[in-house]
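Work through the exercises below with the model open. Try each task before you read its solution.

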Amino acid sequence: MSRCSYCVVGGGVSGLTAAYRLRAAVGDDATITVFDPADRLGGILRTELVGGQPMDLGAEAFVLRRPEMPALLAELGLAGRQRATTGARPLIYSGQQLHALPSGTVVGIPSSASSLAGLVDEATTARIEAEPGRPFSWRPGSDPALAELVADRFGEQTVARSVDPLLCGVYAGSAATIGLRAAAPSVAAALDHGAASLTDAVRQGLPPAGDGPVFGALDGGYQVLVDELVARSRAQRVRAAVVEIGRSGHCWELHDETGARWHADAVILAIPAPRLVPLLDEIAPRSAAAARRITSASSAVVALAVPLDTPFPPCSGVLVASGERLRAKAITLSSRKWGPRGDTQLLRLSFGRFGDDLAERASDEELLAWALDDLATVFGVTVDPIEYRVQRWIEAMPQYGPGHADLVAEVRAGLPSGVAVAGSYLDGIGVPACVSAAGRAVAGIVEAL
Ligand SMILES: Cc1cc2nc3c(=O)[nH]c(=O)nc-3n(C[C@H](O)[C@H](O)[C@H](O)COP(=O)(O)OP(=O)(O)OC[C@H]3O[C@@H](n4cnc5c(N)ncnc54)[C@H](O)[C@@H]3O)c2cc1C
């Protein structure tokens, strides 16, 4: 397999993990080229200094219930850089008040009425209590939007106040746009196996009670991972977008935006679904058609460094229920979540939901003003920023709508031999799922060659 040439299109965590895994699989002699037009590699992994401290302006954490990140960090010798949360929990902002995060839920779907105590009204509580006794029918394999299923069984308030805030934090989407199977696979599996009610399915689908932290992060930010993957992959970098891919004999020919042509034995496309479509139109029309149907949300992050003594409550942040009169969809009190460092407090607010164009349209000044307004409304605190950054992520958050897994299967099935895909629209939106999908892409390429 030596002397081969591989092109990886996209230098986010998916592309960089793919390049790293390719190097491990194909050895030192192969040429690996990573294309990305951005000013630096990492894509949505972007760490900058804010208030003199490294701060992630895109992804900032990873779930520890999945094995991929701890395993990758150990493999890269970075296990010692893993940080855990302080144990502070987020709150929910609903009905213009702060509430404890519901417990005993799967993405906010309650396993009992007590899960949502104080968050929903009496009628909703009664409805949740009565759910196991109501007639219930389930077609195994079906994949409704979460809003459809949960509103029917537990009422609209459960959707707006418990499910939506959690989904919005993860997907910048809502229960109306996200399918059950993607958001709550354990609940879908329990339903397929004959759970008698949604309550029963959620009880079966609850993650095992663990006392360890749910999230990890990297000391120094995600940049630490990006740097290590770049170094280990020993890939050459081309700072340009790929605009066309075609066949050239037994090889693939890539054209970048400068007009340069590149040849490769195999190609890994590690770019978001909307960017993938034009590259696949010619060589894999069936995949392109499926990828075209995957929609995405945009998001803007306002990161702030504020004086250490700014009196935020002892929580890791706030998730916002739908229908509230706030602009932000989530607030992360980073210094409370991960522990204080340095002589400022760091926090970030996220804006933009699927279907709105806030992240594209609002100016930096507007976003900052909204952030300060929302902090005053939610916490009653006047914030005086020492420094701020605005970062936009356009069409960065794929919506895992009903039937998403079928679309993904269609994308993969339509690919010609020697072309593989990686990215956050495939097997899960988070960084661990991207790491997993990149490994799968490389395994497929290596097997095909
Ligand atoms: C605001 C925000 C917060 C998030 N928080 C978390 C979190 O805390 N934890 C978590 O696990 N996940 C989080 N996520 C999700 C996670 O960050 C992403 O799923 C993941 O980083 C995606 O990586 P990727 O490499 O697939 O795509 P990207 O990071 O989008 O990288 C794709 C790259 O492809 C490049 N590119 C595009 N078109 C072309 C082309 N034609 N040619 C060459 N290059 C091209 C782009 O420049 C980009 O660098 C968050 C996402 C966002 C937007």
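**Exercise 1.** Find how far apart the C-alpha centres of domain 1 and domain 2 lie.

*Solution.* Start with the bounds. In this predicted model, domain 1 covers 5-45 + 223-295 + 401-448, and domain 2 covers 105-205. Next, take the C-alpha centres of the two domains: they lie 35 Å apart. Then look at the contact. Domain 1 gives five residues to the contact, and domain 2 gives eight residues.

**Exercise 2.** State how much area domain 1 and domain 2 bury between them, and which three residues supply 84% of domain 1's part.

*Solution.* The size of an interface is often given as the accessible area lost when the parts come together. Here, domain 1 and domain 2 bury about 410 Å² between them. Carbon and sulfur atoms hold 65% of that area. Now take the side of domain 1. Gly401, Pro402 and Ile429 supply 84% of what domain 1 buries against domain 2. No other three residues supply more.

**Exercise 3.** Describe the residues around the ligand and list the polar atoms that lie 2.6 Å, 3.2 Å and 2.7 Å from ligand atoms.

*Solution.* Count first: 34 residues surround the ligand. Ser14, Asp36, Ala61, Ile429 and Val431 come nearest. Sort the shell by type: 20 residues are nonpolar, 10 are polar and four are charged.

Now the atom pairs:

- Aspartate 36 places a polar side-chain atom 2.6 Å from a ligand oxygen atom.
- Glutamate 60 has a backbone N or O atom 3.2 Å from an oxygen atom of the ligand.
- Alanine 61 has a polar backbone atom 2.7 Å from a ligand nitrogen atom.

Next, the cover. Taken alone, the ligand exposes 1,000 Å², and the protein buries 87% of that. Last, the elements. Helix H1 (13-26), strand S17 (296-307), strand S21 (387-398) and helix H16 (431-448) each give two or more residues to the shell. H16 gives the most, with three residues.

How values were computed: Residues are numbered from 1 along each chain as its sequence is written. This is a predicted model: local features need pLDDT of at least 70, side-chain atom pairs count only at pLDDT 80 or more; totals for chains, interfaces and linings use all residues. Side-chain values use heavy atoms; hydrogens and water are left out. A residue is near a molecule or strand if one of its heavy atoms lies within 4 Å of it. A polar contact is a pair of N or O atoms within 3.5 Å; within protein, one must be able to donate a hydrogen and the other to accept it, and residues adjacent in sequence count only if both atoms are side-chain atoms. Accessible areas come from the Shrake-Rupley method with a 1.4 Å probe; for residues, only the protein chains shown count as cover. Helices (H or I, at least four residues) and strands (E, at least two) are DSSP runs, numbered from the N terminus. Ala, Val, Leu, Ile, Met, Phe, Trp, Tyr, Cys and Pro count as nonpolar, Asp, Glu, Lys and Arg as charged, and the others, Gly among them, as polar. Domain bounds come from an automatic or database domain assignment. Contact means heavy atoms within 4.5 Å. Buried area is the accessible area (1.4 Å probe) that two parts lose on being put together, summed over both.
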